[in-house]
Amino acid sequence: MDLRFAIRRSLAALRVPQAIPAVGFLAVILIGSALLWLPWSHSGTLGYLDALFTSTSAVCVTGLVTVNTATDYTIAGQVVIIILIQIGGLGVMTYAAMALSVLRRRLSLRTQAALHDSLFQKDEARDFKRRFRQIVTITFAVEAVGALVLFLALLPSTGGGPAAWRAVFHSISAFCNAGFSIFPDNLVDIRSNHLFTTMIMVLIVLGGLGFTVLHELSAEGGRILGRRDRQRPRRFSLHTNVVLRTSLILIVGGAALMLLFGMTGGEQSWGGRIEAALFQSITARTCGFNTIDIAALPVASLLILAALMFIGGSPGSCAGGVKTSSLAVVFARIRSYVTGEEEASLMGRRLNPDLIRSAGLLFALALTWNLVGLIVLAHFEKARAGVELQHLLFEQISAFGTVGLSTGTTTAGLSIPGKLWII
């Protein structure tokens with residue numbers, strides 16, 4: 001009797017809205033790991049743990065890998081990976097957009113009770129379908145344009161077939177903020193192709209802004225192109241304004257600090273340094289591509305990248321981290337405290353105290369989680385030669401922020417407990 005009751009309680013718990021993404025992601029990860037473990041997906045020998053690691057990294061749009069995606073996986077395996085990335089990216093954006101929509105409404109007690117039973121009640125189901133169609137449309141449209149530009153960038157030096165496949169793969173990987181690459185050395189060998197790297201940066205930024213911001217930007221673009229009310233000033237929501245301004249500050253500020261603290265020896269000219277710093281500032285918050293040797297960066301520059309990875313992207317996007325909007329709220333509270341103001345405000349709008357407390361709690365939990373992770377990795381990886389504490393800190397925050405940057409062979413050389421922790 002007790003066992004049946006426990007089973008019923010467990011099944012009931014899986015039906016609550018909070019369990020939907022967890023159960024769905026777990027199912028896709030397990031299916032993906034099984035497909036990647038099959039002989040036709042990889043060349044040579046691939047352990048199940050590495051297949052599970054890759055599947056988890058793809059579905060969670062992270063980009064950390066224990067094996068080389070370009071050389072250790074066949075075309076079939078790469079197709080599985082990009083499908084997992086697309087599913088994961090759409091899943092993250094869809095659930096995040098629906099959560100934002102629900103949180104923004106003034107829900108009655110009856111509606112709140114209904115949402116506890118199921119996310120897909122009548123109105124919610126219709127709203128879900130509409131928003132999902134919008135998300136899919138925007139996603140595929142941006143990825144298609146990105147793939148076309150990347151294809152044109154690769155065509156002069158690559159055959160038509162390989163150029164098309166690489167363009168599609170990297171367009172999806174960039175917009176979904178996954179950071180997987182099918183070039184052997186990520187994007188280091190192709191960094192001289194400025195059209196390619198510029199398009200990658202654009203896709204990463206768009207993918208990290210979030211569905212709400214993209215929807216407002218596309219609506220504004222349609223208004224301008226359609227010549228409707230051109231004289232009317234733009235009226236973006238507070239959320240969009242905060243996201244756009246905070247993202248711009250982080251991109252420019254991150255690049256400036258990296259230039260200040262130093263790059264690697266591979267950037268000989270100032271133009272090369274600026275381009276590399278800008279690329280890494282963009283990719284560090286949301287994606288795991290790199291055009292430089294991350295392990296060769298000075299420790300101060302590594303810590304700047306770690307801070308950007310901790311912050312992450314914006315709500316409703318594929319990016320991880322504590323989010324740009326949370327950072328803006330925390331800084332608004334700090335500013336009000338320093339200036340002696342009784343209430344914190346952001347862009348002329350008073351912030352709800354509950355919102356401030358939530359942002360503070362989020363930062364506290366994130367810092368605690370990463371500290372625990374650093375301790376775990378330091379314990380299990382202590383026997384490895386050449387791995388220093390800053391490398392483990394970088395790895396931990398990269399996994400937490402679902403970024404995917406790594407310092408050299410840190411990920412590939414993880415012990416079994418280390419891999420399980422990062423998963």
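User: What do the buried residues of α15 pack against?

Analyst: They pack against α13 (299-311), α14 (324-339), α16 (389-400) and α17 (416-422). The model is predicted, so local features require pLDDT of at least 70 and side-chain atom pairs pLDDT 80 or more, while totals for chains, interfaces and linings use all residues. Residues are numbered from 1 along each chain as its sequence is written, and side-chain values use heavy atoms, leaving out hydrogens and water.

User: Which are the buried residues of α15?

Analyst: They are Ile356, Ala359, Phe363, Ala366, Asn370, Gly373, Leu374 and Leu377. Buried means under 20% relative accessible area, exposed over 50%, and partly exposed in between, with a 1.4 Å probe and protein chains only.

User: What makes the reach of helix α15 close to the expected one?

Analyst: The expected span is 1.5 Å times one less than the number of residues. Helix α15 (residues 353-380) has 28 residues, for which 40 Å is expected, and 41 Å separates its first C-alpha from its last. Helices here are DSSP runs of H or I with at least four residues, strands are runs of E with at least two, and both are numbered from the N terminus.

User: How do you know that Asn352 caps the N-terminal end of α15?

Analyst: A side-chain oxygen of Asn352 lies 2.8 Å from the backbone nitrogen of Asp354. A polar contact is a pair of N or O atoms within 3.5 Å; within protein, one must be able to donate a hydrogen and the other to accept it, and residues adjacent in sequence count only if both atoms are side-chain atoms. The 2.8 Å value for Asn352 and Asp354 satisfies that limit.

User: Why is α15 called oblique to α16?

Analyst: Their axes come within 9 Å and cross at roughly 130 degrees. That angle makes α15 oblique to α16, because angles under 35 degrees count as roughly parallel, over 145 as roughly antiparallel, 65 to 115 as roughly perpendicular and the rest as oblique. The crossing is right-handed. The residues of α15 that meet α16 include Trp369, Asn370 and Leu377, and those on the α16 side include Leu389, Gln396 and Phe400; contact means heavy atoms within 4.5 Å.

User: What makes α11 roughly antiparallel to α13?

Analyst: α11 and α13 pack at about 165 degrees, with their axes 8 Å apart. This angle is over the cut-off for roughly antiparallel, and therefore α11 receives that description relative to α13. α11 passes α13 in a right-handed crossing. Leu250, Gly254, Leu257, Met258 and Phe261 in α11 meet residues of α13, among them Ile304 and Leu308.

User: Why does Val61 count as buried?

Analyst: Its relative accessibility is 1%, so Val61 falls under the cut-off for buried. Val61 sits in the loop between α3 (48-59) and α4 (69-72). Although Val61 is not a glycine, it has a positive phi of about 40 degrees.

User: Why does Asn186 count as buried?

Analyst: At 17% relative accessibility, Asn186 also satisfies the definition of buried. Asn186 belongs to the loop between α8 (160-175) and α9 (194-209), and its phi is near 55 degrees, a positive value in a residue other than glycine.

User: Why does Asn177 count as buried?

Analyst: The relative accessibility of Asn177 is 0%, so the residue is buried. Asn177 lies in the loop between α8 and α9, and it touches residues including Val61, Thr62, Thr286 and Thr402. Asn177 and Ile85 are 92 residues apart in sequence and 8.9 Å apart in space, C-alpha to C-alpha.

User: Why does Thr411 count as buried?

Analyst: Thr411 has 3% relative accessibility, which means that it is buried. It is found in the loop between α16 and α17. The side chains of Thr411 and Glu395 are joined by a polar contact of 2.3 Å. Thr411 also touches Phe53, Leu64, Val65, Thr66 and Ser406.

User: How many helices and strands does the protein have?

Analyst: There are 17 helices and two strands. Of the 423 residues in the protein, 48% are buried.

How values were computed
Axes fitted to C-alpha atoms, helices over the stretch in contact; angles between N-to-C directions. Left-handed = near helix turned anticlockwise from the far one by under 90°. Lists of a residue's contacts leave out its neighbours within four places in sequence.
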